[in-house]
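Here's a quick briefing to read alongside the structure. Have a look at the model first, then work through the notes below.

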Amino acid sequence: MTDLSVWVVIPAYNEAEVLGQVLRELLDYDSSYHVVVVDDTSTDDTAAVVRRFPVHLLRHPVNLGQGAALATGIEYALRAKAEIVVMFDADGQMCPKDIGVLVDEVVDGGVDVALGSRFLNASPKGMSVIKKLTLRLATKMTRLVTGLDVTDTHNGLRAFKAQSLRKCVITQNRMAHASELLSEIARNKLAYREVPVTIRYTSYSKAKGQSISNAINILFELLTGARK
Amino acid sequence: MTLNEIGRYGGIPIKLVLILVLLVVLRMFLVQKSLVLIKRLVALAVFFFLLFLILFPHVSTRVANVVGVGRGVDLVFYMADVFFLLLIVALWRRSMTLMAVVTRLSREIALQNASNPCESNGRDGKETS
C-alpha cells in the first residue's frame, strides 16, 4: 500500500467477455487505484461493461492498436497528475496482486520502472513450447538491441514512476510498443528491475493473445516504424 | 498490306497515344491552383523530356549504349524502376506521417470525451449497474 496515486491503464479491444471480471478483481484488490480503460473502438459491449464500474473510460474514435491505446491512457493518467502508472492487460491473464508487488518495487525499491517477468523464477504453466521459444528469441534480440538485462521483453505488466514515464515516447501504434518501451528505458537510462509475475493462460486469453506468427509482424513494425 | 507495313505505320499511333497520355497528366498537374511555380516548371521539364524520348527513341538507345545498357527501352525501364521505388518510399513516409496525425487527433478526441467516475457513477469503489 502506498499514499501515492496509482493509475492502472488498461487498453481494451473487444474484451466484453472478460473485462468485467478483470475490473472487479482489480478493484477488489485495491479500490484506491485509479483505473483507466482505453476502448480501442471495440465492436462489442466493452464500453458498456466498463461503464458499470467506477473507472475512467476513454474511447478511440477509430481503431489504432494496442500501443496507441496504451499511450492514450498514459497521457490521460499523466495529465491527471498520476504519480505511478501501471500498465495492465484486459484479457484476464494478469493477477492484480502483482500490481502491488510492482508498485512496492517502484515506491520502496528505488527504481524508476518495475517490469513483470514470466521467466524470472519458474517457467509459466500452460505456455506452448513454440511460444516459449519465440519469446526467448525475441528477448535475446531485444537484449542485444537495447543492452537491457531482461528476461521477458514482451510482458505487458509494468509500473513506472510518472516523471520517468514522461520521458518515454511511444510511437508504435500496434504491437511493437513493448520493444519500443524497453528501448526508451535504455535511452533514458532509467533504473529498472524485473519482478516475477504470474500469467494465467486460459483458453480465452490464448485465443485473444498474440499468435506466434505475429512475432514476424512485430519485427517488421520495428524495422519499418517511424524513427525519431 | 503486309504485317511489316502495318508495323511500320503502327509506330505513329503508339507515339500519339503516349503523347496524349502525357498531355492529360501534365494538365492534371497544372490545373492545381495550389501548385507552386517550381513544381510547375519541374512538371513542364519532365513533360518535354518524355516527349523528346517518345519522338526520338533512337537517342535513348545511344545514351543507353554509352552507359552500358543494350536498348533505350531498357534504360527507360530501369529509370522507371528507380523512380517507382522512390515514389513508394515517399508515399509510405507520407502515410506514416498521416497515421501519426490520425493518432494524435484520435487521442485528443478520446481525452476530451473521457468519462470520469467522479462525475458519472461516484468513486465509492462499488460496481453499479
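**How far to trust chain B**

This is a predicted model, and chain B has a mean pLDDT of 84, with 81% of its residues at 70 or more; pLDDT is the predictor's confidence in each residue, from 0 to 100. Because the model is predicted, local features need pLDDT of at least 70 and side-chain atom pairs count only at pLDDT 80 or more, while totals for chains, interfaces and linings use all residues. Residues are numbered from 1 along each chain as its sequence is written, with chains lettered from A and ligands numbered from 1 in the order in which they are written.

**Confidence**

- The model scores ipTM 0.83 and pTM 0.79.
- Within chain B, helix α4 (residues 72-112) has the highest confidence, at a mean of 94, and helix α1 (residues 3-30) the lowest, at 78. Helices (H or I, at least four residues) and strands (E, at least two) are DSSP runs, numbered from the N terminus.
- Over residues 121-126 of chain B, pLDDT stays under 50.
- Where pLDDT is low, don't read the predicted coordinates in detail.

**The sheet in chain A**

- Seven strands make an open, mixed sheet in the order β3-β2-β1-β4-β6-β5-β7.
- β3 (56-59) and β7 (192-196) of chain A sit at the edges with a single partner strand each, so one side of each has no neighbour in the sheet. Strands pair if DSSP finds at least two bridges between them.
- β1 (residues 6-12) and β2 (residues 34-39) of chain A pair in the parallel sense over six bridges.
- A:Ala12 has A:Asp39 in β2(A) as its bridge partner.

Definitions and conventions: Two residues are in contact if their C-beta atoms, placed from the backbone, lie within 7 Å.
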